[in-house]
Amino acid sequence: MSNALFSPPPFHGLCFPHCGREKLPVLFPSHKPPLSSLLHLSPSLASPPTSLLLSFSSSLLPSNPRRGGFHLRALESSAAKTNEEEDAESKNVGDAGTPSSNSAPGVGSDGAVREKVGADGGVGQEYPTGEFEMEEFDWWRIFVVKVRMLFALPWERVRKGSVLSMRLRGQISDQLKTRFSSGLSLPQICENFIKAAYDPRVSGIYLEIEPLSCGWAKIDEIRRHIQYFKKSGKFIVSYVPICGEKEYYLACACGEVYVPPSAYVALYGLTVQSSFLGGVLEKVGIQPEIQRIGRYKSAGDQLSRKSMSKEVCEMLTTLLDNIYENWLETISSTQGKKREEIEDFLNTGVYQVEKLKEEGYITNILYDDEVRSMLKARLAQKDKKDLLMVNYSKYSNVRKWTLGLEGGKDQIAIIRASGSISRTRSPLSVSGSGIYSEQLIEKIRSIRESERYKAVILRIDSPGGDALASDLMWREIRLLAASKPVIASMSDVAASGGYYMAMAAEAIVAEKLTLTGSIGVVTGRFSLNKLYERIGFNKEIISRGKYAELNAADQRPFRPDEAELFEKSAQNAYRLFRDKAAFSRSLTVDQMEKVAQGRVWSGKDAASRGLVDAIGGFSTAVAIAKLKANIPQDRQVKLVEVSKRSPSLPELISGIGNSLLGLDKTVKEALQELKCLNEIVLWLLMSIEFKMIEQT
C-alpha cells in the first residue's frame, strides 16, 4: 500500500468521536494534531485494508495528540465460543450461574467496599477501595530500615531533614521510566509520595506545579496520593507560577498553596473545540468517502463535515459537564465553600492573585525563594546555607526495600500498556512509544505459565490502534484470566483497542473522568480526482477482479457497487464489535446497542452503564486483585513490574552524564552519614537492653 503524496492509503477505524482542542489548561490539547492523526492511519501502512484500526480522534485527548477507540471484540460471537473460552467462562461463573463480575458481594478485611453499578442501575459486586493507611513499624523494623539507609547505594542516599521537591509539568507518562530516562512517570510520582510518607529522612514535600498536559484521570491519581501522603502528618506545600483549572485542582489538595506576585492566573472555565476540514478539502479538490456506523461516531466528521452534528454536540456537552461538575464539587469540598460560591467566583473572570488570596483560595503570595526560606525556618535549618532538598529524579532511585516497603510473599504482576496499538514495532519507532502486540503477548504468556503470580493488573492508557493486534492481545488476556485473576486499571483513556484489551479482564477499574467507550466504526478513503485534474497528475490502474480497485483507485470516486460493498464491510465490522462487546460484558445486544453507537463515556457514566465495574485508581485495582486472589486486604503483596522498557541510547548518555556530575556530592554526603554509625549501634544496644528489662 503506497504512502506517496498523491496516493494516500484508505483509512479504516473504530474511532473515537472527534472533539476540539484545549484552550488554556482545559479539556483538550492546545496544539494541532499531525495529519496522520486526522486521517486515522495505521502505524503500519503495509497493513491490509481488512485490518481495521480501533482508534479515536486525537483532538479529544487532554494531553498530546493520540488516536484511540474502543474494545472491538470482533471475530467471534457469543454463539460460537472455543473450548478454551468456555473453560474460561465456567471458571468465572458463580453459584448463581452468572459471571463473577455480577456475583455476591465481597467485603475486604478492612471493611472498605466500593459498589459496582450495573447497566440496569442495580448494585452488583462490592469491591474494596484500596484506601491507603499508614502502618506503624515496630522497633526492629525501624532498626533494619536505619541500617539499610546507612549502607544504601550512593544514588539512594538522602540527608536527614530533606524536603522532597517534585516539579510537575507537561506530559506525564503512565509507563515506568528507567534511571536514565527523562520526563515524568505517573507510577514513580505516586510511589515517591508513598516512600516519602514513610521515609524518616524526608520532612515534607515541596510540589511545584506548572502547566499540565495530561488527562484528568492522571491528575485524580496524583491528587489521591497527595491525600495519602498527608496521613503521615508531614507537610506538603504547592507552588503554582501558572495557575489554570488543572493546576489549581491539583494544588488545592495540598492545603498550602503559594503563588508569586506575577503569577499567570487564568481560571475562566472549560471549553471544547472541534475543527472541521471539509471546506478546506473541498477547495483543494479532495473528496472524503466516509462510512460512519454509529450516530455519535465523529472521527470522519473532521474530514467530511463543515460543522458539528447535534449527536456529537450532545456527547461533548455531556463529557464537558462531567468534568466541570467534578471540578466544582472537588474544589468546593476542598475549600469548604458552597458549589454555587465557587461557580460565581469562577464567573467573575479570575486573573488577579490578590483576589485569590482575599477569597481564601491560596495561602499566600510569595516568590519561590521566599517559600524555601519559610520552609527552612519551619524545619529549623538556620545553620544551613540552603534548604535541604532531594529532587524527583534522585528520589525515584530510592528503592522501597530500603524503606522496609518491599511487600510480602504474594506477588501480583503489573502489565503496563500505553500508547497506540500496533502488531509489530517499526524500525523508526521510539522505544516505549506504543503497544506492540507481539511483545505484549510474550509477556502475557510468560505470566500465564508462571506460578509466581497470584493475580495480574493490566494498566491501560491507550487510545487504540490496530484491530487485529487488539484482538490477538484480547485473546491472550482472556486465556490468562482463565488461570489467574486479571484486573484492568484504566488511566486517562482506554478506548477502542484499549477498551478491547480491558474487556478480557475479570473486572475493570476506571477513574471518574477516564475516557472510554466509542463502540462504533469509521472507515473511508479519499477521492482525489479533482485535485489530480488541477495539478495535472494522472494515475492509471490495470486490475483483475471486480473489486480489485476498491482501495487503490483514488483517482476516481467509488462506483455504486463499490460503495455498497464498502458500506456492508463497515456494517459487518460494527456488528462484530458490538456483539463481542455485549458478550464480554454479559449484556444483551440490545443493551449494548444503547451504549454503543460510537458514544464516548466518562468513567463514571461508563460504570453506570455496565462498561466499567468500579471507580478508583491503581490502589483500588490492587485491592480488587487481592479480593479475587483470596489474599487478605491487610496483607502486603509484592507488585512486580513486568513491562519495564529499555532506555534509548540518548537517554543512556544523558543519564550517565548526570550521574557522574552528581557523584562527587553524593560521596561526600555518604561519608558524612557514616559518622552516624556509632549512634546507630548505641541506639540498638539501648533498644535490646530495654527489651530485656521489659521481658524480666
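**Legends to close-up views of Ser396 and its chain**

**View 1. Ser396 lies in the loop between helix 13 (392-395) and strand 16 (411-418).** Helices (H or I, at least four residues) and strands (E, at least two) are DSSP runs, numbered from the N terminus. The model is predicted: local features need pLDDT of at least 70, side-chain atom pairs count only at pLDDT 80 or more, and totals for chains, interfaces and linings use all residues. Residues are numbered from 1 along each chain as its sequence is written, and side-chain values use heavy atoms, with hydrogens and water left out.

**View 2. The surroundings of Ser396 include Gln188, Asn192 and Lys195.** Ser396 is in contact (heavy atoms within 4.5 Å) with these three residues, its neighbours within four places in sequence being left aside. Between the side chains of Ser396 and Asn192 there is a polar contact of 3.2 Å. A polar contact is a pair of N or O atoms within 3.5 Å; within protein, one must be able to donate a hydrogen and the other to accept it, and residues adjacent in sequence count only if both atoms are side-chain atoms.

**View 3. Ser396 is buried.** Its relative accessible area is 17%, where buried means under 20%, exposed over 50% and partly exposed in between (1.4 Å probe, protein chains only). In the chain, buried residues make up 55% of the 696 residues.

**View 4. Residues 1-51 have pLDDT under 50 throughout.** The pLDDT is the predictor's confidence in each residue, from 0 to 100. For residues 1-51 the model has 210 contacts beyond four places in sequence.
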